[in-house]
Amino acid sequence: MKSWTPPTFEMVEKVLASVKKETDRQYFFSRLRNPLWVEPLRERGYFNSPPGMKRLPDGYVQYPHWPEMTYLVYIADDAPDQVIQIVQSLPKSDNPRVYENILDIALKINSADSAKLLRKIIEYLELNHQLHTRRFSALLQHWTNLGLFYEAFEIAKKLIRFREDPRKRDKEQIRKKTPNAPGSILDPAPRFHQGEYLEILEKGVRPLAESKPLQVAGMLIDAVAGMIQMGTHLDDFEKGKDEDFSEIWCRRLDKPNRDHEDVKEILVQAMVYACEQVYDHAPESIAALDKVLRNQRWKIFKRLRQHLYALHPNDQTLPWIRELILAYNHYSNGKYSYELQLMIRRASERFGHSLLSEDISSDIFATILEGPSKEEFQKWMGENYSEEAFQQRQRHFHRVQLRPFAALLRGKIRQYFEELDSIEGAKVITDDSYAPYGEMVVGSVSYRSPKSIEELESFANEGLLTYLNDWAEENREHQEKNNWLVETNFSALAGVFQTFFKEKISRDEARLTYWLTNRDKIERPIYVAAILKAMLELIKEKDFDNLDRWLEFCTWVLSHPDSMRMDGQPEPQDESRDHPDWGSSRRAVVDFIDACVNKDTEAPISARDGLVKLLRQACSQFDWRLDQDRPVLLNRDDPITEAINNTRSRALESLINFGFWVRRQLPEDPVIEVTSILASRIAEDTECPLRRPERALLGLHFGRLCFLSNDWSIEQKHAIFPQEQWDVWRDAFGNFILYNSPFKATYEVLRSDFEFALENLDRLASAEDDGKEVVDRIGQHLFTYYLWEVFPLTGADSLLERYYSKTNGDRQRWAQLFDHVGRSLNNSGKRLDKELTDRAVAYFDWRLEAAEPQELQEFTFWLEAECLDPEWRLRSFSKVLSVVKEKDEGHYMEVETLSKMLQDHLALVAECFAKITDVMDRDKHLFVSEDEAKPILKAGLKAQDPKTRENAERARENLLRLGRFDFLNLE
């Protein structure tokens, strides 16, 4: 253990007298490490009164730090008994920061004594607000490792518990007026955010479950049951039903749904894990756990039993498995849950014919073969019913229902099942086949298609087309009764149709021909968009077998004009057959084009003519938002965002992408299609003039256009950057500057625009949103061109000097550019051409001569830049410190760099460090790291050079003057 020096009475009095100010007090206790100070401080009452929460005049609250408690955290492992006594004697507080320190102390005490702080931790959990919840999971793990299981349980129970919906009373009133109203759904939640709650369960509760599985499983079972009950209205609860809709918010017990994980699912996954631990590591407790689960009311606990039995089919679980098989009463008209079918299959494979008697299994199989109901199927299909469709449906149903029992089948029933399994083209059935189809979970709401893929497959082409045209949301055939959380809608049906088209129709020549030939009969554009998305997926998979047919289909889609919106007229929608909106289908065409020309997909060059035909249409047709000036974003002026959210402007970007696609395959090709289509849009007599978002987009991509055709870009430069039209020029040039790196060839084309920009910098800077960013980027471009010797540093030809002259009234721009240059040099690695470093050094000397402190204080990254000579960096930093008398930042990052350069450049490092401390002001809370500064002081004080020793002594005195007592002892 480290040897500490006991403080004398005089030392304590002197030091405490010098730390009366709040900032000094905070600094002193943040640096004090000596545990022998604890008693003198305790005697003087320093640990008696923790600060409470402060309510500010503006309605906000503030949780003050308590510096004295910071000291107790530091010494907790050196003086645990004293610290625990102090913490136990503290009064209750409404300040969570005080309790955060108590948590830190509990974590630092690596013995059973840590449990003595349980009462204070519970006090913390009784507050309405906690801060850094990560400490709770760490504490659970810490106490588990120490064997403090009781204390860990007490904390875990409070951490995992859900709270009632804060709007419960309001929702109960809504329910009284309108039963089953969406606004009446109760939504209990844990006290923590989802990510924090997940961390508590995974890093805190799971390790506890590994040590005490049955106890933790019981705790989590209670928490899940309580959570479900909190989400159930009293009248529903009193009906005694077991429905918890868990198959919506927790579809699988064996793995979480990481894409759309519900916070309730997070708790269930922890419960499942704890129960699995019982089976794996505490077999003597399995019967007790099973009894607990049987006593639970909700469906999820029956699913959990099925899940556990499926994992462990053995002599102990065999009677329980039989019980569940016999209790199931939907063999002829239902669909197994995922857990039930898995349990049946694995038990059948494990036990064979000993699982069920022959009479019982025969009865089950006979019941399966009685289904499904022909009458219900006829009612469901309506005019689309056919005997062939029913027989197909019946065979699929039998196959699905018999599959879990496959190991038990014999005789004729086995022969029948094998025949069903061997039907050509039959879809492979796996465990995943028993999960719901066509479902997308968003939070706790589920969107479901009225038909599954298998059910769509049962339709003939004409029947499927009729069904898609006629189905409407007001006739939701398969919506869950009394459950608004399951919504059957067009988008889910279109999603299932998209998959069906990709997987089935596109691979069946006859069916594909039918749909392409009868495309005009598709009355709702949402299904056309689904077909296009399926085609796009095939292209991304590099399936180009039907590319010509896809291109021709896209041409047909673009023959449908974009729909106008008229006041007083119904809003066009892609789901509507009476007022169809082709916008989403037209956008899907542009997405398809982009997929074809993407470098990761690289469609064959033979598609060139077809793609050009599409681009001529898409780049020149009416676009209601663009042409009627209807922005997508109502509260933001951003033409580029508008451009990428409108079809025609996106098509212009696709056109440029097309040009690069051709060049990748034919490097010498002039790609005249790009300039031809653009010329038709730029022409003065064009029927479809460029709109503001399109002009901004062309400005953004001007560098790419120069690469495709430099001569054409020079010729059309004025049309794209018309200086006489300020708004148009500003959008085009501003976005060019923001989204492009400097390039010599482009600069030669746009030199006059850079000069025009410099003449109008004030006007550019005054623009809302990105005005100052544009000005900064202009400076960065100009510095790079200076570095490349495009123009000199100063003089009449220097645009860089002109930039500084124009920004003289806003020297923050100087600081921004100086910092940018330093960062660029720092990112250049250890080697940079001498010509470039010489010009960078000349630039620095020029800026040093200007002696602007706000600018020069951004020297941080210059000092770190290893491509520059280290001695030059230190001498330059010393010069900078002579100019910069104050520093705006809260700490000196440069000290870290100085400490790294100490060994080879002691004298210069000491000189710079002394200058840093000369200008430090305790009122500005400037911070210098003890770990980085002490080596500099130690080396400087031992140096043979008198000047170096003098600088080190001066720096130390400066630090002590500021109350930095941690520099009293340099050992």
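**View 1. Asp-581 contacts a backbone nitrogen in this predicted model.** The side chain of Asp-581 reaches the backbone nitrogen of Gly-583 at 2.9 Å. Asp-581 sits in the loop between α29 (547-558) and α30. Its relative accessible area is 12%, so Asp-581 counts as buried. Look next at the residues around Asp-581. Leaving out residues up to four places away in sequence, Asp-581 touches Pro-525, Asp-562, Ser-563, Arg-565, Pro-572, Gln-573 and Asp-574.

**View 2. Thr-686 reaches the backbone nitrogen of Cys-688.** The distance from the side chain of Thr-686 to that nitrogen is 3.2 Å. Thr-686 belongs to the loop between α35 (672-682) and α36 (692-700). Which residues does Thr-686 touch, not counting those up to four places away in sequence? They are Ser-680 and Arg-681.

**View 3. Glu-602 has a positive phi.** The value is near 55 degrees, in a residue other than glycine. Most residues other than glycine have a negative phi. Glu-602 is placed in the loop between α30 (583-597) and α31 (608-618). Is Glu-602 buried or partly exposed? Its relative accessibility is 23%, so Glu-602 counts as partly exposed.

**View 4. Phe-245 also carries a positive phi.** Here phi is about 55 degrees, and Phe-245 is not a glycine. The residue is found in the loop between α13 (234-238) and α14 (246-249). Phe-245 is partly exposed, because its relative accessible area is 30%.

**View 5. A cis peptide bond joins Gly-371 and Pro-372.** Omega is about -5 degrees at this bond. Most peptide bonds are trans. Where does Pro-372 lie? Pro-372 is in the loop between α20 (358-370) and α21 (374-381).

**View 6. Arg-403 is a buried loop residue.** Arg-403 is located in the loop between α22 (387-402) and α23 (411-421). With a relative accessible area of 16%, Arg-403 falls under the 20% limit and so counts as buried. Neighbours within four places in sequence aside, Arg-403 is in contact with Gln-341, Arg-345, Phe-417, Ile-429, Thr-430, Asp-431 and Tyr-434. Ile-344 and Arg-403 are 59 residues apart along the chain. Their C-alpha atoms are separated by 9.4 Å.

**View 7. Lys-834 is an exposed helix residue.** Lys-834 lies in helix α45, which covers residues 834-850. Its relative accessibility is 57%, so Lys-834 counts as exposed. How many residues separate Lys-834 and Cys-867 along the chain? They are 33 residues apart, and their C-alpha atoms are separated by 9.4 Å.

**View 8. Cys-554 and Cys-912 show cysteines outside any disulfide.** A disulfide is a covalent bond between the sulfur atoms of two cysteines. Searching the whole structure finds zero disulfides. Why is there no bond at Cys-554? The closest cysteine sulfur, in Cys-596, is 7.6 Å from the sulfur of Cys-554, and this is too far for a bond. The cut-off for a disulfide is 2.5 Å between sulfur atoms. Cys-912 is in no disulfide either. For Cys-912 the nearest cysteine sulfur is that of Cys-867, 18 Å away. Cys-554 has 0% relative accessibility and counts as buried. Cys-912 has 0% relative accessibility and counts as buried.

**View 9. The whole protein sets these close-ups in context.** The protein has 971 residues, and 52% of them count as buried. Its secondary structure comes to 52 helices and seven strands. The C-alpha trace spans about 105 × 85 × 55 Å along its principal axes. Among contacts with a separation of 6 or more, 72% are between residues 24 or more positions apart. The accessible surface comes to about 46100 Å². Carbon and sulfur atoms account for 47% of that surface. The protein holds 133 positive and 163 negative charges. The mean positions of these two sets are 4 Å apart.

Methods. Residues are numbered from 1 along each chain as its sequence is written. This is a predicted model: local features need pLDDT of at least 70, side-chain atom pairs count only at pLDDT 80 or more; totals for chains, interfaces and linings use all residues. Side-chain values use heavy atoms; hydrogens and water are left out. Helices (H or I, at least four residues) and strands (E, at least two) are DSSP runs, numbered from the N terminus. Buried means under 20% relative accessible area, exposed over 50%, partly exposed in between (1.4 Å probe, protein chains only). Contact means heavy atoms within 4.5 Å. Accessible areas come from the Shrake-Rupley method with a 1.4 Å probe; for residues, only the protein chains shown count as cover. Lys and Arg count as positive and Asp and Glu as negative; His and the chain ends are not counted. The place of a charge is taken as NZ of Lys, CZ of Arg, CG of Asp or CD of Glu. A polar contact is a pair of N or O atoms within 3.5 Å; within protein, one must be able to donate a hydrogen and the other to accept it, and residues adjacent in sequence count only if both atoms are side-chain atoms.
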